[in-house]
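Here's a quick tour of one chain, going from the overall fold down to single residues. Keep the viewer open while you read.

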Amino acid sequence: MRNIWAFVWGSLVGVLGGLIGLGGAEFRLPLLVGVFNYRTLQAIIINLLVSLVTVTFSFIFRSGAIGLSNVVSNLPIILNILAGSLIGSYLGVQYTTRINERTLNRIVVIFLIVISFILIGHELIFSVQNWQLPSILKVITSFLAGIVIGVFSSMLGVAGGELIIPTIILIFGVDIKIAGSLSLAISIPTILMGLFKYKSQKRFEDISSERSFIITMGAGSILGAFIGSNLLRFVSSSLLHIVLGIILLISAFKLANHKKSDTSNSRATKS
């Protein structure tokens, strides 16, 4: 039954990957902790693995709607942000494995809340379109943004699409649907870097018994990515961002309340 729910939730979250260009990890993380009761570090590593599946297949499925030519023509943008995100991803693992679980939980909740407001306020953010920065400042700003995105990616087990997409739109003035595909292209190697670091620190041992769960949720994510990619032509991104932002905000509060309950139960047990 647990694997059935893993497939269902994997499919639902996977739709986001195909539809918007996200890994859906911000929605998956509260589920892994609050519904499936994984420890935060376990949830982060599982989240990265499933996110890798989601963004990879979302990129493949979206190619029909967006066109690879649009991605290739924006290759300098991808390489610019990717250079920073790989560095950030490498650094993020170092921080994650050194801070305690409670602090990590707080960072996760704050991150979810911030991203929810980015999504809800997307009209204001995206209306700016382009800061009209000089080329050199665009390169520097996007590189620094990439570092921040990479840190959050590996620390929280996310693909970082909610940060990558606004960065691309604000700095380079790229259309939101094309920005979604560029985001996926940047996310794949960023996630791989995070997973490489966790593996080198032997953190995969923490999830060695969860192979069946991960494969099932990954399979659901592939189905969801396929569905989302086919809906890309028909669904209003504007309305969808607002709905997703609200859901994400609810998820953050649920995760925060779940952790408070765990703390209370832990204290009760000790007394």
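## The overall picture

A contact here means heavy atoms within 4.5 Å. Among contacts in the chain between residues at least 6 apart in sequence, 85% join residues at least 24 apart. The chain has 271 residues, and 53% of them count as buried; buried means under 20% relative accessible area, exposed means over 50%, and partly exposed is in between (1.4 Å probe, protein chains only).

This is a predicted model, in which local features need pLDDT of at least 70 and side-chain atom pairs count only at pLDDT 80 or more, while totals for chains, interfaces and linings use all residues. Residues are numbered from 1 along each chain as its sequence is written, and side-chain values use heavy atoms, with hydrogens and water left out.

As for secondary structure, you're looking at twelve helices and zero strands. Those are DSSP runs, numbered from the N terminus: H or I of at least four residues for helices, E of at least two for strands.

## One salt bridge

How many salt bridges does a search of the whole structure find? The search turns up one, where a salt bridge is a side-chain nitrogen of Lys or Arg within 4 Å of a carboxyl oxygen of Asp or Glu. The partners are Arg2 and Glu210, whose side chains meet at 3.6 Å, N to O. Arg2 lies in helix α1 (residues 2–20) and Glu210 in the loop between α10 (176–200) and α11 (211–231), so the bridge ties together parts that are 208 residues apart in sequence.

The two ends differ in burial class: Arg2 is partly exposed at 37% relative accessibility, whereas Glu210 is buried at 16%.

## How α3 meets α10

Now find helix α3 (residues 40–66): the axes of α3 and α10 come within 9 Å and cross at roughly 145 degrees. These axes are lines fitted to C-alpha atoms, for helices over the stretch in contact, with angles running from 0 to 180 degrees between N-to-C directions. The crossing of α3 and α10 is left-handed, the term for a near helix turned anticlockwise from the far one by less than a right angle (clockwise would be right-handed).

Sorted by class, the residues in the α3 contact with α10 are 17 nonpolar, seven polar and two charged. For that count, Ala, Val, Leu, Ile, Met, Phe, Trp, Tyr, Cys and Pro are nonpolar, Asp, Glu, Lys and Arg are charged, and the others, Gly among them, are polar.

## Aromatic company

A search of the whole structure finds four aromatic pairs. Rings of Phe, Tyr and Trp (its six-membered ring) pair if their centres lie within 6.5 Å; planes under 30 degrees apart count as stacked, over 60 as edge-to-face and the rest as tilted. One of the pairs is Phe61 with Phe226, edge-to-face at 5.3 Å centre to centre and with 80 degrees between the planes. This pair links distant parts of the chain, with Phe61 in helix α3 and Phe226 in helix α11, 165 residues apart. Phe61 is partly exposed at 27% relative accessibility, and Phe226 is partly exposed too, at 43%.

There's also an aromatic cluster made of Phe36, Tyr38 and Phe213.

## Residues on the inside

Where does Thr167 sit? Look in helix α9 (residues 161–172). Thr167 is buried at 11% relative accessibility, and it touches Ile81, Ala145, Ile149 and Phe172, leaving aside residues up to four places away in sequence.

Back towards the N terminus, Gly23 lies in the loop between α1 and α2 and is buried at 2% relative accessibility. From Gly23 to Asn47 is 9.3 Å, C-alpha to C-alpha, with their positions 24 residues apart in sequence. In helix α2 (residues 25–34) you'll find Phe27, which is buried at 7% relative accessibility. The C-alpha atoms of Phe27 and Leu16 are 9.5 Å apart, for a separation of eleven residues along the chain.

## Two positive phi angles

Asn37 isn't a glycine, yet it has a positive phi of about 60 degrees. Asn37 is in the loop between α2 and α3 and is exposed at 55% relative accessibility.

Lys202 also has a positive phi of about 60 degrees without being a glycine. Its place is the loop between α10 and α11, and Lys202 counts as exposed at 57% relative accessibility.
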